[in-house]
Amino acid sequence: MSVPVDGDKSRMVPDRVRRIFRGPRPESVPTLIGTACTVVGLLDAAGGVFPRFRHSRMHAIAEVLPGTLGPFTAALALCTGLMLLLLAHGLKRRKRRAWRAAVVLLPAAAVTQFVYRHSVVGMLISVVLLVLLVRHRGEFAALPDPRSRWRALANFVLLSAGSLGLGLIIVSVHPGRVVGSPSIVDRLQHVLFGLVGFEGPVEYAGDTSWTVGYSLGSLGLLTAVSTIYLAFRPEHPAAQLTDEDEKQLRALLAKHGGRDSLGHFALRRDKGVVFSPSAKAAVCYRVVSGVMLASGDPIGDVEAWPGAIERFMDEAKAHSWTPAVMGCSETGGEVWTRETGLDAIELGDEAVVDVADFSLAGRAMRNVRQMVKRIERSGYETRVRRVRDVGETELERIRAAAASWRGTDTERGFSMALGRIGDPGDGDCVIATAHKSDAPDSPFGDLKAIIHFVPWGPDGMSLELMRRDRAADPGMNELLIVASLEMAPQLGIERVSLNFAMFRSALARGEKLGAGPVLRGWRALLVFLSRWFQIESLYKFNAKFRPRWEPRFVVFRNTGDLPRIGLAAMQAEGFVNLGLPWPLPLRRRAAARPCTHLTGRERDARAV
């Protein structure tokens, strides 16, 4: 089987050959060198921190590791070990700058081992690692990750905390040499003074005070030097959509937007984009914790998808990012796996309602019908309009309500969230609102609930946001979805995509008669996890509207990458925040995007 190559459709290349040249290559050499640096760094640091380690059976190894020099053995071993540990991860990811730092560090360690200690074994350890680095220098060509000067502050906070913890260990591992019985406060004060180069209140017999002092001073110096370096190096901000990128994506969506219900979400402005050579297709992505996450199918002409996918994989390889795709369709998954040699597993199902088939009649819809009628009798009314038909004053009120009713400090949503309401370019979006005039003092007037849809081609729309006033009656979301489905024909809408239900098939099959113990156990685990991640509740909420289920897939390189991809996806969706402590992230986001409308698809259990 062959596929056309983007830009030259007459040229046919066998899939097997394409996989060889574009598929993932084993990176055993960088991994081996990175692991060696990790082992050496751990032993070096242990030799610097624990005196018993230096005089144990490991002494023959520990004393000749890079950095264990002369009278400053403990301090230099600790500092060198920490630097090697910091470099190890970058070496495993083939980072060029980590390679340069290691190439500078290891010769210095080898020379000092030979000159000061006349240790051939110690010199050989450094030389062997150096030779491996130089011989395989072509493997270490990855470009740096996106960065900003905020990383200097994060580095200072993390290294300061680590130095404080290590410092307390260093101060406390010499019980036979401590004069008196210093309290924990005295030990902590001694660490804080030692990190900035001053004597502390804890006293030691013999030369131990010099060992402790040099070790604490090296930790403080390492923290200061690395922070200064990160603060003054040039910034390399994360890729974001430019105006030209957005213009090109909108042109592709105008022609091919009906293929994927997630297509419009590619217009999130915190995503980067790569285009095929012919500019007829594109893949949008975000880099999170070293994972290059794409969402949905590529945008544009299917025949041009291979070119965009190839550019995506080239970008991932250039930065040594882990490639992954979240929520692609079955067709998209087939193209991704065929073109790259990656693997795919089913992640869940998207609920799609065909407007022509939707009706509140019948026993299956009785619960929804009764809920909607009850709410309407309570005095609620609904309005379903295109965004371009909503006045700016009302839009501002809707934005403010959506931000106020969010319910979490972190905005959730990535693969199925647009991140804004009422943008001038999003006039085709649909807003459904619920109103009740019973709260004259409310800052949002009679507004009680909001649902926001984005276009899905010319005849569809995809649910992006659900928000409601917590004081409103239950069932606001059901009311607005029904109102939107009933109003859809007047808006020219024939299909509506609702929420995505993770692991829906496992939940559905696990509750059926005759389900095996493995399937029942898997379902029980998903139900348990639903206490924190709205898995079962979203499935049951979607099922109320009798949709058809469209499978969605996650594409990945190898099974070992799945935990990392899962964590990155949870960060991107807003379920996990590994950033700076509050309020620093707020300032960071505000600086990155001066105009944001805090929106995202609702994930709150009470909302569904």
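**Strand β12 and its neighbours**

In this predicted model, the protein chain contains 21 helices and 14 strands. Half of the chain is covered, in the sense that 50% of its 608 residues count as buried. The chain exposes about 28,800 Å², and carbon and sulfur atoms supply 59% of that area. When contacts between residues at least 6 apart in sequence are considered, 75% of them join residues that are at least 24 apart.

Within this chain, strand β12, which spans residues 460-468, is mostly covered, since nine of its nine residues are buried. Strand β12 is paired with strand β11 (residues 447-455) through seven bridges, and these two strands run antiparallel. In this pairing, V454 stands opposite S462 of β12. The two strands form a hairpin with four residues between them, and in this hairpin G457 takes a positive phi near 70°.

Strand β12 is also joined to strand β13 (residues 495-502), in this case by three bridges, with the two strands running parallel. Here G460 is the residue that stands opposite R495 in β13. The connection between these parallel strands includes helix α16, which covers residues 476-487, and together β12, α16 and β13 make a right-handed β-α-β unit. Strand β12 is thus bridged to β11 in an antiparallel arrangement and to β13 in a parallel one.

Methods
Residues are numbered from 1 along each chain as its sequence is written. This is a predicted model: local features need pLDDT of at least 70, side-chain atom pairs count only at pLDDT 80 or more; totals for chains, interfaces and linings use all residues. Side-chain values use heavy atoms; hydrogens and water are left out. Buried means under 20% relative accessible area, exposed over 50%, partly exposed in between (1.4 Å probe, protein chains only). Two strands pair if DSSP finds at least two bridges between them. A crossover is right-handed if, with the strands pointing away from the viewer, the path from the first strand over the helix to the second runs clockwise. Contact means heavy atoms within 4.5 Å. Accessible areas come from the Shrake-Rupley method with a 1.4 Å probe; for residues, only the protein chains shown count as cover.
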